[in-house]
Amino acid sequence: MSTDHQAKADEILQRASLAAAEFGQLGAAETDRIVRAVCLAGLENRVSLAKLAWEETGRGEWKDKVLKNVVGSLLVYQDIKDEKTVGVILEDPDSGITEIAQPLGPILGIIPVTNPTSTVLFKILISLKARNPIIISPHRDALACCGRTAEICYRAALQAGAPEDCIQWLSETSRELTHALMSHPRLALVLATGGPGLVKAAYSSGTPAIGVGSGNVPVFLERSADIPLAVESILASKTFDNGTICASEQALVVEKEIVDRVRRELERHGAYFLSPDETAALEKVAINPETGLMSPRVVGQSAVSIAEMAGFEVPPKTVLLMAPQDEVGEDRPLSGEILAPILAFYVRDGFDEALKLCIALNYRGGIGHTASIHSTDEKMILRFSELMNAGRCVVNMPSSQGAVGGMFNRLPVSFTLGCGAGGKNITTENISARNLINVKRLCRRRDNPDWFRFPPEYYLDETRSAGEILTDYGKSN
Amino acid sequence: MVKIAFDDELQVLKCLFSGRLDIVGSSRDEEAIIGFIDQGAPGRNNPPPAEFAVLFDLAEAEYISSAFLRLCLSLARHDRIREFSIVNSSPSARKVFSVAGLDRVLKIL
C-alpha cells in the first residue's frame, strides 16, 4: 500500500476520532435534533439529488430515485426517531439488568452505484442516531452525487449542533484507499453495501463489518393468489428504478394451473415474453460469460434498451422482459441475479414442484436474502417460508419495496439487508441504528436460588446421576 | 472564557478553561492563547520566552468539542512549547480524550 493512501486514511480517521469523542458527550435530545435536521435536508433535496444520481450513474429512472430518497430520509427517520440509542435504553427491575447504549466510533459507509444517494442518506441517519461519525465511500461511478448528498447532510448536521467532521466523504476513491480505511485501527465498523468482492474485503479487513449478501429472489405465484394484485406488485417492484434493488424479483415461478391467466395479465401490463432465440440473444448481453454474473452494461437499463443491446426489437411500451426457462443452474445464465427489468419465468405442476424450484433458485446465489410469495393460503405461505433460506419472506407485496420495509409492512426501513450465515453475514436483520450501538449491561446482584440450593459437594458426588440433578434443579420455585 | 497567566518562575503558561469548549468557545480561546504566546498579554511587556511549558486546567470546563481537541494537539506540537499538560479533567472529559485516542499522545494528569 502506498504511503499516500495510508496518510490519507490516517488523516480521515484522526478527524473522525475527534468527532467521535465529541459526539459521545451529546444527549438524546441533542442527537435527535441533529437527526431531524439531516432528514429534513435530505428530503428538501430529494429531487435534485435523484437527478444528479441518475445523470452521473446512467442507471435507473430519476423519478424512482426521488422515491428512494424519500425512503432514505423520511421513512428511515420515522422508523428510528423514537428508538433509544443514547444512555439508558432498557431497565428491567426483575433481572436487575440495565442496558446502556454507547456509540461504536467511526463507521465507514460503502455506497453502491445502484442506490447511491438514498443509501448515503440512510447510512448517515442511522450512524448519527447512534452518535457515530461516518465516512462515506462511494462507488467510483457515483462520487459526485454521493459527495453532494453527504455535504448537504453535513451542513444541516453542523447547524443543528453536530460535531465537526461527523460526516466525511471521499471525493476520489481507489482500492488501496478503501483498504487502508477498512483496515485502519481507529475505524470501528465497516457498513458494507455492495458486491460480493467488496463485502468479502470488508470482512477480511480485521475491522468488524456488517455486510450484505447477493440476492436471487424467487417469487412464487401460488394457485390461490389474487393474480391481478400479484402481477401488479411484481411489476411495481421489478421495474422500479429499472430493477436496481437487490431484493427485486429475479425469477417468477407459476403453478401450471394458473399460467395462462398470469401470462395474460403480465402482457396486459407491458411484460414481453421472449422467444427462444431472443432469450439466447439476451443471455449474451446480460451475463458475463467469464464470470457467469450479470453484466454491468444492463444494470438499471430499461427493457427497451436492453432488447436493443441484444439485437431485437420489442414494443415501445415494454417494461419487463420475461425469459422463459426450464431449469436452474450455471448452464442457465438467466436463472441468476440480474439487477435489470429481466425476469426468468418458470412453470411447474403443483405446489411441491414449484417449491422445489424456488429452493433451487434461492440456493443459486441468493441464500439468506429475500424470497417472495403471492398466495391466500396461510398453510402454503408458512410451508414456503419454512423452507426458504431467506432473511425476509415477503407475502403479497412488491418484493423490492417489501424487503426495504416501511411501505408495505413494519420491517425496519433499510438499504442494507442482512442475509444471515447463508449470505456470510452476522444477522438477517434489516440493518438500522440499533445495530450501530454497543449495549453495555449493568448487572445488579440477583442470586439464582437454584444455583445456591446445593453446596458444591452436591455436584462433586460422582454417584449422583445427571437425571437426579436435573430433577432437583429448578425446584426452588 | 479562558484565563491565561504566565508563571515566570516555572516558565509555564497556565490556561484555566470554563464553560462549553465548543467550536465557538475553542476558537475564541485559541485566539487568546496564540495571541499571548506571540505577543504577550496586555500590560505585559514581553511575550513568553523561546521555550516554555503549557498547562491546561479543565477544572471548570463543561463540554469539550473536537475543535478543542485540535487546539490541544496543535499546542502539544508547537515548536516553542517544550511540555504540554492537562490537569483537573473530569471523568467525562477524560473519556473524551480516551475516545479520541489522545490519552496516548497527550500528558493528561
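**Five-stranded sheet, chain A**

I began with an open sheet of five strands in chain A, ordered β5-β4-β3-β6-β7, with parallel pairing. I then looked for its edges. They are β5 (167-169) and β7 (209-210) of chain A; each has a single partner strand, so one side of each lacks a neighbour in the sheet. I keep in mind throughout that this is a predicted model.

Next I took strand β3, residues 107-111 of chain A. How many of its five residues are buried? I found five of the five buried, so I note β3(A) as mostly covered. I checked the two faces separately. On one side sit A:Ile107, A:Gly109 and A:Ile111, on the other A:Leu108 and A:Ile110, and all are buried. Both faces of β3(A) are therefore covered.

I followed the pairing outward from there. β3(A) pairs with strand β4 (residues 134-138) of chain A over five bridges, in the parallel sense. Opposite A:Ile110 I found A:Ser137 of β4(A). Towards the β7 edge, strand β6 (residues 189-192) of chain A is joined to β7(A) by two bridges, and these strands run parallel. The bridge partner of A:Leu191 is A:Ile210 in β7(A).

**Helix α8, chain A**

I asked which strands α8(A) lies across. They are β3, β6 and β7 of chain A, and the helix runs at about 170° to β6(A).

I picked one residue from this helix, A:Ala201, which is placed in α8 (residues 196-204) of chain A. Its relative accessibility is 36%, so I count A:Ala201 as partly exposed; the buried class stops under 20% and the exposed class begins over 50%. I also computed a distance to A:Arg223. The two are 22 residues apart in sequence, and their C-alpha atoms are 43 Å apart in space.

**Three-stranded sheet, chain A**

I moved to the open sheet β1-β2-β15 of chain A, three strands with antiparallel pairing. β1 (87-92) and β15 (437-443) of chain A are the edge strands, each pairing on one side only. On average, neighbouring strands in this sheet are turned by 25° against each other, direction ignored.

I checked both pairings of the middle strand. β1(A) and β2(A) pair over five bridges, antiparallel. They form a hairpin with four residues in between, and A:Gly96 in the turn has a positive phi of about 75°. On the other side, β2 (residues 97-103) pairs with β15(A) over seven bridges, again in the antiparallel sense.

I wanted a residue that shows up in both pairings, and tried A:Ala101. In β2(A), A:Ala101 is the bridge partner of A:Gly87. A:Ala101 also stands opposite A:Val439 in β15(A).

**Around β12, chain A**

I looked at the cover of β12(A) and found six of its seven residues buried, so the strand is mostly covered. β9(A) and β12(A) pair in parallel over five bridges, with A:Val253 opposite A:Tyr346 of β12(A). Strand β11 (residues 320-324) of chain A is joined to β12(A) by four bridges and also runs parallel. There, A:Leu321 has A:Ile342 of β12(A) as its bridge partner.

**Two helices, chain A**

I tested the length of α13 (residues 351-362) of chain A. At 1.5 Å a residue, its 12 residues should span 16 Å, and the end C-alpha atoms are 16 Å apart, which agrees. The buried residues of α13(A) are A:Phe351, A:Ala354, A:Leu355, A:Leu357, A:Cys358, A:Leu361 and A:Asn362. They cover an arc of only 160° around the axis, so they lie on the same side of α13(A). That fits the helical repeat: with 3.6 residues a turn, residues three or four places apart point the same way. I asked what covers the buried residues of α13(A). The cover includes β8 (217-221), β9 (249-255), β12 (342-348), β13 (368-374) and α14 (378-387) of chain A.

I ran the same length test on α9 (residues 227-238) of chain A. Its 12 residues should span 16 Å, and its end C-alpha atoms are 16 Å apart, in agreement. Among the buried residues of α9(A) are A:Ile227, A:Ala230, A:Val231 and A:Ile234.

**Chain B and scores**

I looked up B:Ala93, in helix α3 (residues 91-99) of chain B. Buried or exposed? At 9% relative accessibility, B:Ala93 counts as buried. B:Ile64 is 29 residues from B:Ala93 in sequence, with 6.9 Å between their C-alpha atoms.

Last, I noted the confidence. Chain B has a mean pLDDT of 92, and 96% of its residues reach 70 or more. The model scores ipTM 0.88 and pTM 0.94.

Methods:
Residues numbered from 1 in each chain as written. Chains lettered and ligands numbered in written order. Predicted model: local features only at pLDDT ≥ 70, side-chain atom pairs only at ≥ 80, totals over all residues. Heavy atoms only, no water. Expected span 1.5 Å × (residues − 1). Buried < 20%, exposed > 50% of the residue type's maximum accessible area, 1.4 Å probe, protein only. Arc of directions from axis to C-beta. Contact = heavy atoms within 4.5 Å. Pairing = 2+ DSSP bridges. Axes fitted to C-alpha atoms, helices over the stretch in contact; angles between N-to-C directions. pLDDT = per-residue confidence, 0-100.
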